[in-house]
Amino acid sequence: MITGKTKIVGIMGWPVRHSLSPLIQNAAFAALELDYTYVPLPIQSDQLAQAVAGLKAMGFVGANVTIPHKVNIIPYLDELDVSAQLAGAVNTIVITAGRSIGYNTDVQGFIQSLTTKNITIKGKTAVIMGAGGAARAVVCGLIAEGIDHILIGSRNEIKAQNFAQLFSEGGKVQGCNWHGECFIDGLNQCDILVNCTPVGMSSNQEVEFPINWQAVNPQTVVCDLIYTPPLTQFLAGAQSHGHMVINGVGMLVEQGALAFELWTGESAPRNVMCAQITKNI
Ligand code: NAP
């Protein structure tokens with residue numbers, strides 16, 4: 001029951017209708033009998049400053065940040081944790097003593113979704129599709145785990161190259177247009193291939209990726225950050241060519257669990273969170 005003492009958390013995005021986070025977080029609060037509630041906060045891109053001020057003014061204890069605000073929210077926050085500084089993107093805000101602090105739990109969430117499946121990252125090669133906020137978290141996590149090389153493929157070559165510049169130290173990250181030769185070479189050699197675009201989401205299924213599965217290294221583990229549908233066309237294509245596939249469910253649970261722990265200080269009930277997702281996708 002919501003009372004005058006209930007602590008409020010929300011998810012800022014545009015749109016947020018598709019988000020499972022309210023179901024997952026509210027189930028987790030209920031499981032631990034915590035007096036918290038989690039609400040959807042549909043916020044347009046030109047309203048971010050007002051939205052952050054509003055969170056503080058209305059006594060929210062924090063929020064998640066989702067597509068398309070993860071990068072653009074940064075100037076409106078008072079402080080960034082090292083996870084958000086490294087990724088250059090924020091998916092979780094904690095509000096404490098009137099200050100908003102940005103974190104990035106996607107980084108650890110993604111890595112956890114690979115390590116629980118015993119995927120080796122150190123010394124390997126990855127191809128990432130997309131150059132947005134989630135891609136930053138993925139790249140950051142892979143670098144921290146000792147990946148050898150990352151190729152960023154995007155529909156916009158300039159964005160891919162600018163993205164690569166952000167992680168230019170050590171020359172590990174390169175960017176290219178995903179229709180180019182360089183991308184085909186990358187696919188041929190990579191150990192891990194990750195879709196970090198929304199292409200393939202239930203609401204966004206009309207675009208097809210430029211992937212010729214015959215040209216992909218047969219040993220490549222193929223990941224999609226998308227979790228609705230649980231098997232995107234991209235993953236289905238990979239699976240039909242014999243690749244191990246990993247969808248976005250594991251990352252969703254782990255990034256949400258880490259955010260829950262930041263807001264409440266309690267250990268998150270990951271099994272409850274996972275069950276909610278499985279029931280609702
Ligand atoms: P974002 O910051 O908006 O970036 C999206 C990226 O995808 C950009 O590079 C964008 O290219 C590209 N893109 C968008 N629409 C495209 C299209 N029709 N064709 C080709 N490229 C397109 O979004 P994000 O926050 O990184 O999120 C990306 C995806 O990851 C979303 O589906 C999100 O739900 C998912 N995600 C899942 C989890 C999880 O826990 N499982 C966590 C985080 C994110 P342009 O820059 O050219 O527009």
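The following conversation concerns a predicted model of a protein with a bound ligand.

Visitor: Where does the ligand sit?

Guide: In this predicted model, the ligand sits in the largest pocket.

Visitor: Which residues come nearest to the ligand?

Guide: There are 24 residues around the ligand, and those that come nearest are Ala131, Ala134, Arg155, Lys159 and Leu225.

Visitor: How do the residues of the shell divide into nonpolar, polar and charged?

Guide: The shell around the ligand holds 14 nonpolar residues, six polar ones and four charged ones.

Visitor: Which helices each supply at least two residues of that shell?

Guide: Helix H5, residues 133–144, and helix H9, residues 249–264, each supply at least two. The largest share comes from H9, with three residues.

Visitor: What lies 2.7 Å from an oxygen atom of the ligand?

Guide: That is a backbone N or O atom of Ala134. A polar backbone atom of Gly133 is 2.9 Å from a ligand oxygen, and for a backbone N or O atom of Leu252 the distance to an oxygen atom of the ligand is 3.3 Å.

Visitor: How much of the ligand's accessible area does the protein cover?

Guide: On its own the ligand has 930 Å² of accessible area, of which the protein covers 85%.

Visitor: Let us turn to Asp106. Where does Asp106 lie?

Guide: Asp106 lies in helix H4, which spans residues 106–115.

Visitor: Is Asp106 buried or exposed?

Guide: Asp106 has a relative accessible area of 4%, so this residue counts as buried; the cut-off for buried is under 20%.

Visitor: With which side chain does the side chain of Asp106 make a polar contact?

Guide: The partner is the side chain of Lys70, at 2.8 Å.

Visitor: Now the backbone. Which residues does a cis peptide bond join?

Guide: One cis peptide bond joins Trp14 and Pro15, with omega about 0°. Pro15 is in the loop between strand E1 (7–13) and helix H1 (21–31). A cis peptide bond also joins Thr228 and Pro229, again with omega about 0°. The loop that holds Pro229 runs between E11 and helix H8 (233–240).

Visitor: Which residue has a positive phi of about 55° although it is not a glycine?

Guide: That residue is Glu33. Glu33 is placed in the loop between H1 and strand E2 (36–42).

Visitor: Is Glu33 buried or exposed?

Guide: Glu33 is exposed, because its relative accessible area is 72% and the cut-off for exposed is over 50%.

Visitor: And which residue has a positive phi of about 60°?

Guide: Asn118, which is not a glycine either, has a phi of about 60°. Asn118 is found in the loop between H4 and strand E7 (125–129). With a relative accessible area of 68%, Asn118 is exposed.

Visitor: Turning to the strands, where does Val222 lie?

Guide: Val222 lies in strand E11, residues 221–224. Its relative accessibility is 0%, so Val222 counts as buried.

Visitor: How far apart in space are Val222 and Leu235?

Guide: They are 7.0 Å apart, C-alpha to C-alpha, with their positions 13 residues apart in sequence.

Visitor: What about Ile150: buried or exposed?

Guide: Ile150 is buried, with a relative accessible area of 0%. This residue belongs to strand E8, residues 149–154. The C-alpha atoms of Ile150 and Gly171 are separated by 9.4 Å, and the two residues are 21 apart along the chain.

Visitor: Where does Gln50 lie?

Guide: Gln50 lies in helix H2, residues 48–57. Its relative accessible area of 47% makes Gln50 partly exposed. Gln50 and Gly248 are 198 residues apart along the chain, and their C-alpha atoms are separated by 31 Å.

Visitor: A last one: where is Pro269 found?

Guide: Pro269 is found in the loop between H9 and helix H10 (270–280).

Visitor: Does Pro269 count as buried or exposed?

Guide: Pro269 counts as buried, at 11% relative accessibility. From its C-alpha atom to that of Leu86 the separation is 27 Å, and the two are 183 residues apart along the chain.

How values were computed
Residues are numbered from 1 along each chain as its sequence is written. This is a predicted model: local features need pLDDT of at least 70, side-chain atom pairs count only at pLDDT 80 or more; totals for chains, interfaces and linings use all residues. Side-chain values use heavy atoms; hydrogens and water are left out. A residue is near a molecule or strand if one of its heavy atoms lies within 4 Å of it. A polar contact is a pair of N or O atoms within 3.5 Å; within protein, one must be able to donate a hydrogen and the other to accept it, and residues adjacent in sequence count only if both atoms are side-chain atoms. Accessible areas come from the Shrake-Rupley method with a 1.4 Å probe; for residues, only the protein chains shown count as cover. On a 1 Å grid over the protein atoms alone, a cavity is a set of points where a 1.4 Å probe fits but cannot get out, and a pocket is an open set with protein on both sides within 12 Å along at least five of seven lines; lining residues have an atom within 4 Å of a point. A molecule sits in a cavity or pocket if more than half of its atoms lie within 2 Å of its grid points. Helices (H or I, at least four residues) and strands (E, at least two) are DSSP runs, numbered from the N terminus. Ala, Val, Leu, Ile, Met, Phe, Trp, Tyr, Cys and Pro count as nonpolar, Asp, Glu, Lys and Arg as charged, and the others, Gly among them, as polar. Buried means under 20% relative accessible area, exposed over 50%, partly exposed in between (1.4 Å probe, protein chains only).
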